[in-house]
Amino acid sequence: MYRAVPAQVDLPALEHEVLAMWDDEDVFAESVRQAEGRPLWVFYEGPPTANGTPGTHHVEARVFKDVFPRYRTMKGYYVPRSAGWDCHGLPVELAVEKELGFTGKQDIEEYGVAEFNAKCRESVLRHVDEFTDMTRRMGYWVDFDGAYWTMDKDYVQSVWWSLKQIFDKGLLSQDHRVAPYCPRCGTGLSDHELAQGYETVVDPSVYVRFPVRADEDLAKRHPGLSLLVWTTTPWTLVSNTAVAVKPDATYAVVRTADGETLLVAEELAPALFGEDHTVLETFPGTALERVRYERPFDYVDIPDAHFILLADYVTTDDGTGLVHQAPAFGADDLVTCRRYDLPVVNPVRPDGHFASDVPVVGDMFFKKADETLIADLEQRGLMFRHVPYEHAYPHCWRCHTPLIYYAQPSWYIRTTARKEQLLAENENTNWFPDTIKWGRYGDWLTNNVDWALSRNRYWGTPLPIWRCPDDHLVAVGSLAELSELAGRDVTDTDPHRPYVDDITIPCPTCGAEAHRVPEVIDGWYDSGSMPFAALGYPHRNADAFAQQFPADFICEAIDQTRGWFYTLMAVNTLVFDQSSYRNVVCLGHILDEDGRKMSKHLGNVLAPIPLMDEHGADALRWFMLASGSPWQARRVGHTAIADVVRKTLLTYWNTVSFQSLYARTAGWEPAAGAPAPADRPVIDRWVLSEAQQMAHEVDLALESFDTQRAGRLLSSFVDDLSNWYVRRSRRRFWDGDPAALATLHEALRTVTLCLAPFTPFISERVWQDLFRPTEADAPRSVHLAPWPAWRPELVDEQLSAQMDLVRRLVELGRAARATATVRTRQPLRRALVSAPGWSALPDDLRGQIAEELNVLTLESLGEESAGLVDVSAKANFRSLGRRYAKQTPLVAEAIAAADPAGLATALRSGGTVTIEVPEVGSVEITDEDVVVTETPREGWAVVTEGGESVALDLKIDEELRRAGVARELVRALQEGRKTAGLEVSDRILVRWATDDPDIVRTINDHRDLIAAEVLASSFEEGDGEGSTIETDLPVTLVIQRA
RNA sequence: GGGCCUAUAGCUCAGUUUGGUUAGAGCGCUUCCCUGAUAAGGAAGAGGUCGGUGGUUCAAGUCCACCUAGGCCCA
């Protein structure tokens, strides 16, 4: 026996019960365990940074990470899934610094690295709990007990091992380069970190005069000549070393309206000076090489410098075509200046402040110096123009400090050396959506630059390289290896700073004492190592790794193209010569209701747990999976989610509740048996066929990671089931018809299983209420059940098409009633139908139309009513166009001109008609080529669409009218039953009283029908106890429970 | 400056792969209908230059080119 399913449901409360049940019965673990030995389907969880509170965008990715493993499990795969936590890195350090009130590295050093790292570890553990709560609440099944932590000792040693592989391949090296650097955090940033931190800022844009030295020939020809140099970083002018020009551009000496003489690229002169200037002389950039000038500031000593040099990268798109060179602060500048053997002078300290001994700007933060320097240039008359300039400038993605491009020593992984291989691996990867593969991600790979791996920080995987005073380097792959090198057992050491820093080894090359280099590594390398490091490979779990590499599926949001998607591919391709994932689903971002990014700043962040406790996790999940396109940025808000509940979840729930109500009322059990599907009424066969098709197509959609399509299929099936199958079959349920009950049971079983991966809570509850109690061998959870078996013998495509026709005809009939303003409750004598396929429609289906439209008979419009109709014929371009292409309009014209009635008659019998078309000749027309529309003439309500017509006979005689009144009485009584709070199976006593002879006659004529409809065991004239029914008819009705 | 995505009803979005002559749904609004599961359902109405221009084609929301605007990413 089914459990009773109330019509009203509190979804969030239901979900909490289901969560408790999963815990009690250990369902998730069992779903994995019972699949052991089956084919593996490998999923990798991208570790969230255990820092800060999870947001609704975390729910998005996690819904997708859940739905496909659940689906694959149902399809018979073994899908183990471990949680993972990204523990290291600047975000954690920053959070701890903030807690402790620190402002920089010096505070950390004073506090003690060991103590600071202990705080970091503590902070990670704290934040992981919040993620765990959110993850459980949303029903994301992932194994927390087997979670990997990037700070675990074994994890760190696996990372070390992989770095040693890369070092041994000659791909890990130290280099001095100009790279983005955060002066606050005191560390360089990798390119994927840089990518996350561009902010639009207003910087000064300055055009500065650099006077050409008086002893230069050029200055002799043009006394008072200055170079006009443009920069948006005035603070770098202190270190001006040279000026670069484009060798193949044309430069001009220009006299301005003010009579001043300036040197700029010729094509930029109009933009700079307007039309009012005179070009005195032009020459190519090459002619300017080594022309000396007076530098703007002489605060620091830069020997043998300050002349013009040539560089191809200079453009004449904007600025002046003369580019200021400060090799310590620009990657291009460094390369160019080195070619001319110029010194690299850097007056800025690692903390971003000018050195104390620099005049004027000493100890000033680099950005702050702009103002002072500009004032000075203006005072000395060197400033030509000074305007604010809005542009995107990189900032530290965590602390928002403007970055400085800064020459610094750093460790690099030479990913550029393996670029071709990375591109080849990308070739073998399936991206969803596939545009990412060649677009955003492919583009990123094509423009790959070496990976700046090291960080001058504390809480991270220490770079496992030991160096002796003679710069011999050793890479170490584990603590065991380190013990051997050190000559003592250090395997119990925490591999983090500062402990590992204290271990020294004799240099294997020269025997001198070697120390570990001070850097830790980029946290993104940790997460990219997770395929092997999560298992502690190669130090253990070699077999498991062999099986679980690469992944069949990973999924994150689009910001990870340069994050995890990249590091995962890069690390594993470098170490194993193979990428670590085959299919990658790449989601769009989540925006607020107004289309803005969610940020604490705007106060528009939706906290996930309250959101789920209001609407339910299923609703949020369904929204993420099926509402809009997952690849696109989407707006999330309460209305959109409430809509999911109302539209899909409650419709499903109410169908379940309906089934439970009538099955229980009838005492029906699924085991009681029912006619074989083939022997059931046609509407049953139809819904079973639809269910099969739906399950099959949802299967295919999920196979190709298309949850949106799957969702559409599911919700439209739920709608069909509730608003067509149940609606049309209600009476059979009241009677406890086993065929109907069995059919709905089977249809609900199919849809419940298909919904399980999407909405695991409500489907679990339905499983517990309907299926677990009534099937002897039912799994104890829907999530332990297999995907519905494909039963093609139940599919009937012809029936499906016929039902579509029926539903279209019903629509036309309703529209006809509306135009005639005859309400549906009033029976009509007959309806006439004209539609292709009508004659083949089984009587059962015709009956559905008649009942739905409340007409006594249905007739074909063509058969006996020839005189009543107007016939028109229209060309079907789709079929004609294929044959006649260019001549289609001519043929169409000829069809329109032909006698439509004759055409229709000939074509209806399946024949063909030959018509003569000018310029084309004889054309043979079949019924496919023509849309025939028949329209009745007078006294009829007709609606026609696409060649299908329904006409209602509007004549209402006394008999029909009274039948209508009877039906009105029935409706009023039913309404009364409901208001009185009666159960649907309760019998009632009815008393009626009226002065209206017409009502008396109606009741006398229809007494049995009315009594049967409202379950009245007595239906008598007179007064009685009970509830009085409200009705617009002149009659008093009183009902009472029998 | 480059790459990618997006542009369809007041709002949120389908439809574009495979071109076919009345472009759909939901929400909201108006009117009506139906109700023995439903916080439902149905019909009609108002509401569309399918971002713009040009092209290909007998035929373009759909294919092509260019442009505009917005978003994301890179420089």
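This briefing describes selected strands, helices, loops and single residues of one structure. The structure is a predicted model, and every value below was computed from it. Among the features described are an open sheet of 3 strands, a right-handed β-α-β crossover and a cis peptide bond between Arg497 and Pro498.

**The sheet of β15, β24 and β23**

- The strands of this open sheet follow the order β15-β24-β23, and their pairing is parallel. Because β15 (430-432) and β23 (554-557) each have a single partner strand, they stand at the edges, and one side of each is left without a neighbour in the sheet.
- From one strand to the next, the twist averages 20°.
- Strand β15 is joined to β24 (residues 583-587) by 3 bridges, with the two strands running parallel, and within this pairing Trp431 has Val584 in β24 as its bridge partner.
- Helix α20 (residues 564-576) packs on the sheet and touches β15, β23 and β24, while its direction makes about 140° with that of β23.

**Strand β9 and its partners**

- Strand β9 (residues 261-265) is largely enclosed by the rest of the structure, because 5 of its 5 residues are buried.
- With strand β6 (residues 226-231), β9 shares 2 bridges in a parallel arrangement, in which Leu227 stands opposite Leu263 of β9.
- With strand β8 (residues 250-255), β9 shares 5 bridges in an antiparallel arrangement, and here the bridge partner of Val253 is Leu263 in β9.
- Between the strands of the β8 and β9 hairpin there are 5 residues, and Gly259 in this hairpin takes a positive phi near 85°.

**The crossover from β27 to β28**

- Strands β27 (residues 828-834) and β28 (residues 855-860) run parallel and are joined by 5 bridges, with Ala831 standing opposite Leu858 in β28.
- On its way from β27 to β28 the chain passes through helix α29 (residues 843-853), and the resulting β-α-β crossover is right-handed.

**Less usual backbone geometry**

- Most residues other than glycine have a negative phi, and most peptide bonds are trans.
- Arg497 and Pro498 are joined by a cis peptide bond with omega about -5°, and Pro498 belongs to the loop between α16 (479-486) and β20 (505-506).
- Phe549 and Pro550 are likewise joined by a cis peptide bond, with omega about -5°, and Pro550 has its place in the loop between α19 (542-547) and β23.
- Asp304 is not a glycine, yet it has a positive phi of about 55°; it is found in the loop between β10 (278-284) and β11 (308-310), where it counts as exposed because its relative accessibility is 71%, over the 50% cut-off.
- His306, also a residue other than glycine, has a positive phi near 70°; it is found in the loop between β10 and β11, but it counts as buried because its relative accessibility is 8%, under the 20% cut-off.

**Cysteines and a buried threonine**

- The structure holds 0 disulfides. Cys182 is buried, with a relative accessible area of 0%, and Cys754 is also buried, with a relative accessible area of 0%.
- Thr888 lies in helix α31 (residues 888-897) and is buried, with a relative accessible area of 5%.
- When neighbours within four places in sequence are left aside, Thr888 is in contact with Phe877, Leu880 and Gly881.

Technical notes: Residues are numbered from 1 along each chain as its sequence is written. Chains are lettered from A and ligands numbered from 1 in the order in which they are written. This is a predicted model: local features need pLDDT of at least 70, side-chain atom pairs count only at pLDDT 80 or more; totals for chains, interfaces and linings use all residues. Side-chain values use heavy atoms; hydrogens and water are left out. Two strands pair if DSSP finds at least two bridges between them. Helices (H or I, at least four residues) and strands (E, at least two) are DSSP runs, numbered from the N terminus. A crossover is right-handed if, with the strands pointing away from the viewer, the path from the first strand over the helix to the second runs clockwise. A disulfide is a pair of cysteine sulfur atoms within 2.5 Å. Buried means under 20% relative accessible area, exposed over 50%, partly exposed in between (1.4 Å probe, protein chains only). Contact means heavy atoms within 4.5 Å. Axes are lines fitted to C-alpha atoms, for helices over the stretch in contact, and angles run from 0 to 180 degrees between N-to-C directions.
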